[in-house]
Amino acid sequence: MKEYHISEKYKRDWQKNILSWYDLNARSLPWRELKSQNFYRIWISEVMLQQTMVKTVIPYYKKFIKKWPSIDYFYKATLEEILLIWQGLGYYQRAKNLYLAKEILRKNELIEINIENLMNLPGIGEYVASAICAILKDENCAVVDGNIKRILSRAFDLNKNEKLYKKKVVNLATQLTPLINNKNYCQSLMDLANKVCLPKNPDCTVCPVGSLCLSSGKVVQQKTNNQEKVKKFGLIFIVKYKDFFLIEKTKDKLLENLYCFPLTDFTEFTNSNTYEIKITDIATKWLTNNGLDNAFTINKSINHTFSHFRLNLFIIELKLKNIRNFKKYEWIRKKDLKNKPIS
């Protein structure tokens, strides 16, 4: 692996230029407000920001903090309440991990804030732990996420497809992290990635470290080995009796603990055109297994893109003349659906 021995002058110029730029261009974000500079609020914001855009997170963060202003309030939250607030933000395992982590913190009356302790909590990996320690305690720890990888990859002209790419990025990030003021430094990189060093069409003419960047003005989008997302299909049953709907609390890991209308497993599309027959067979089997002999038609579908596959969900609507009990499902009034965390 090529070693990068960065000169002290380069480090000083890099840090000074980025921090000076941040002084003038820092984004105004709710979790950066003075009242939010505590472990609880920084933790919530960093978890929400995982794989999610800032503009999407802001209203969810505000709603979350309004309901639970401090960790003492949050200790009383149930998993269902957390999921209800989280509804629509996606990656629901994050919400479950927040619940599990706050239960550990509640029983142990918080913990000493350091990277090792934080990484023992569900849902906190090296990046979130480092970000919390840098922002809250100004620790000299390298904070590396996809945005920072992009900046360093361009600055040092790294090939993302190299075998040792990740090690190189961490090595560079560690060398460039300042001994003091890392709190602002790591956040300045986030803003630089959001405002200047964009994934596409970066504005190199206004970049504070353009003169230190090997790719400045000549950024080429490198090809990646990403394959096209897998396509899957499934069925959803909208079963209604008067103003009641049939719902289930799913145990599937993707939507775990969320309420939804009965769903079948998701099946991968094949190259053949037989999936229409499969859909009919799957629907018939589901109805039979649940003691229903209703005629059905499939004339509606919805599409949804997950992080690792695309889903085409076919909708079957059924109106029952008589109410009956189901082993796996429960009835709920339409007006009460809003009080449940729905997928």
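A residue is called buried when its relative accessible area is under 20%, and this term is used below for several aromatic residues of the structure, which is a predicted model. Both Trp286 and Tyr329 are buried in this sense. Their rings form a tilted aromatic pair, with 5.9 Å from centre to centre and 45 degrees between the planes. Because Trp286 belongs to helix α12 (residues 275-289) while Tyr329 lies in the loop between β6 (309-319) and β7 (330-333), the pair ties together parts that are 43 residues apart in sequence.

The count of aromatic pairs comes to 16. One of them is the stacked pair of Tyr10 and Trp14, for which the centres are 6.1 Å apart and the planes differ by 15 degrees. Both residues lie in helix α1 (residues 8-25), where a separation of four residues amounts to about one turn of the helix. Tyr10 has a relative accessible area of 17% and is therefore buried, and Trp14, at 0%, also counts as buried. Elsewhere, ring pairs link Phe39, Tyr40, Trp43, Phe64, Trp68 and Phe74 into a cluster.

Charged side chains also sit over aromatic rings: the charged end of Lys232 is placed over the ring of Phe309, 4.7 Å from its centre, and Arg324 lies over the face of Phe326, at 4.4 Å from the ring centre.

Turning to helix packing, the axes of α8 (residues 126-137) and α11 (residues 182-195) come within 7 Å and cross at roughly 130 degrees, which means that α8 is oblique to α11. The contact involves Tyr127, Ala134 and Ile135 of α8, together with Asn182, Lys183, Cys186, Gln187 and Met190 of α11; by class, five of these residues are nonpolar, two are polar and one is charged.

Conventions. Residues are numbered from 1 along each chain as its sequence is written. This is a predicted model: local features need pLDDT of at least 70, side-chain atom pairs count only at pLDDT 80 or more; totals for chains, interfaces and linings use all residues. Side-chain values use heavy atoms; hydrogens and water are left out. Axes are lines fitted to C-alpha atoms, for helices over the stretch in contact, and angles run from 0 to 180 degrees between N-to-C directions. Helices (H or I, at least four residues) and strands (E, at least two) are DSSP runs, numbered from the N terminus. Angles under 35 degrees count as roughly parallel, over 145 as roughly antiparallel, 65 to 115 as roughly perpendicular and the rest as oblique. Contact means heavy atoms within 4.5 Å. Ala, Val, Leu, Ile, Met, Phe, Trp, Tyr, Cys and Pro count as nonpolar, Asp, Glu, Lys and Arg as charged, and the others, Gly among them, as polar. Rings of Phe, Tyr and Trp (its six-membered ring) pair if their centres lie within 6.5 Å; planes under 30 degrees apart count as stacked, over 60 as edge-to-face and the rest as tilted. Buried means under 20% relative accessible area, exposed over 50%, partly exposed in between (1.4 Å probe, protein chains only). A charge sits over a ring if NZ of Lys or CZ of Arg is within 6 Å of the ring centre and within 35 degrees of the ring normal.
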